[in-house]
Structure formats: structure tokens, C-alpha cells
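Student: Hi! I would like a close look at one part of this structure, and I would be glad if you could then walk me outward from that part to its surroundings.

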Amino acid sequence: MTVKIERAIEILNPAHREHYESIEPVDEACRMGIAALLYRVRKKPEYLPAHPAPALACKRCGSVKHLHNADGAQNAFCGQCGQAIDWTDAAETDA
Ligand SMILES: [Zn+2]
């Protein structure tokens, strides 16, 4: 079953009332909500010891160059996939 994002938002709205013919779209909207919220759960970057120099990568998409902004500062979210990044205890390198 495919549920469009706008439809999932409608279904997930507690104020929305509808008599559903099937629970499937509700289940799918819930799964979509969970998947979206998981992007907000901060994940520690993955340490790559040889990339070709040591580097940190996004655990979700593997991006190395989108974890920092143009000034080299750590992004709160991966610039490629949007995953929230947990920088606590991250072994930063100057690679
Ligand atoms: Zn990413």
C-alpha cells in the first residue's frame, strides 16, 4: 500500500475523523511517521579509519562530506540525508 505524505499527515492528525474501510492506510501512516521520527533520533557518526584518510561518515547514508558545513563546523543534521547527528564523544579528525 502506498500512502502519500500529505495523506499520512492527515491520518496521523488526532483531530482528523474518518471511518476507514481498512486499517491498512492507518498502519502505513504510522510506519511512515516512525520512519520520519527516526531521522530525529541522533546517531553517532561512523568512524572510517581509511577513507583514504580517517574520516567520520553518516551512519544512515554513508556521507563523509555532508557532516560539516563550509566552515568545517559540525552539522546538527547530515546535509545529504537529514539524519540527526550525535557528536558527543565523536573522534574528530582533521582529514
Ligand atoms: Zn546522511
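Tutor: Happy to help; we will begin at the metal site and then move on to the cores, the salt bridges and the surface. Please keep in mind that this is a predicted model.

Let's start with the zinc ion. Four sulfur atoms hold the zinc ion, each of them the SG atom of a cysteine: Cys58, Cys61, Cys78 and Cys81. Their distances to the metal run from 2.3 to 2.4 Å. How are the four donor atoms arranged around the zinc ion? The angles among them are 104 to 114°, and the site is tetrahedral. If you look for these donor residues in the sequence, you will find the spacing C-x2-C-x16-C-x2-C.

Now pick out two of these cysteines. Are Cys78 and Cys81 buried or exposed? Cys78 has a relative accessible area of 3%, and because anything under 20% counts as buried, Cys78 is buried. Cys81, at 22% relative accessibility, is partly exposed.

Two of the zinc donors lead us straight into the interior. Cys58 and Cys78 belong to the largest nonpolar core, which has six residues and also takes in Leu56, Leu67, Ile85 and Trp87. Apart from that core lies another one, made of five residues, including Val3, Ala8, Ile11 and Val26. A general idea is worth remembering here: in soluble globular proteins, nonpolar side chains tend to be buried together.

Right beside Ile85 and Trp87 in the numbering comes a residue with a charged side chain, Asp86, which forms a salt bridge with Arg42 at 3.6 Å, N to O. Why does this pair tie together parts that are 44 residues apart in sequence? The reason is where the partners sit: Asp86 lies in the segment after strand 2 (55-57), whereas Arg42 is in the loop between helix 2 and strand 1 (46-48). Asp86 is also buried, with a relative accessible area of 12%.

How many salt bridges does the structure hold? There are five. As a general point, side chains of opposite charge can pair when their charged atoms come close. Three residues to trace together are Arg7, Glu10 and Glu18, which are linked in a network of salt bridges. Arg7 meets Glu10 at 2.5 Å, N to O. Both of these residues lie in helix 1 (residues 5-12), three residues apart, which is about one turn of the helix. Arg7 also meets Glu18, here at 2.7 Å, N to O. That second pair links distant parts of the chain, since Arg7 is in helix 1 and Glu18 is in the loop between helix 1 and helix 2, 11 residues apart. In relative accessibility, Arg7 is at 26%, Glu10 at 36% and Glu18 at 35%. Values between 20% and 50% count as partly exposed, so Arg7, Glu10 and Glu18 each fit that description.

The loop that holds Glu18 is also the place of Ala15. Ala15 is exposed, with a relative accessible area of 61%. From Ala15 to Leu48 the C-alpha distance is 46 Å, and the two are 33 residues apart in sequence.

Finally, have a look at the surface. Ile34, Leu38 and Val41 form a nonpolar patch there, with about 260 Å² of accessible area together. Leu38 lies in helix 2 (residues 24-38), and at 40% relative accessibility Leu38 counts as partly exposed.

Terms used. Residues are numbered from 1 along each chain as its sequence is written. This is a predicted model: local features need pLDDT of at least 70, side-chain atom pairs count only at pLDDT 80 or more; totals for chains, interfaces and linings use all residues. Side-chain values use heavy atoms; hydrogens and water are left out. Donors are N, O and S atoms within 2.8 Å of the metal (3.2 Å for Na, K and Ca); water is not among the atoms, so sites may look incomplete. Four donors count as tetrahedral if all angles lie between 85 and 135 degrees; four count as square planar and six as octahedral if opposite donors are over 155 degrees apart and all others between 65 and 115; anything else is irregular. Buried means under 20% relative accessible area, exposed over 50%, partly exposed in between (1.4 Å probe, protein chains only). Patches are made of residues with over 30% relative accessible area and no salt bridge: like charges are joined within 9 Å, nonpolar side chains (Val, Leu, Ile, Met, Phe, Trp, Tyr) within 5 Å. Accessible areas come from the Shrake-Rupley method with a 1.4 Å probe; for residues, only the protein chains shown count as cover. A salt bridge is a side-chain nitrogen of Lys or Arg within 4 Å of a carboxyl oxygen of Asp or Glu. Helices (H or I, at least four residues) and strands (E, at least two) are DSSP runs, numbered from the N terminus. A nonpolar core is a set of buried Ala, Val, Leu, Ile, Met, Phe, Trp, Tyr and Cys residues joined through side-chain atoms within 4.5 Å.
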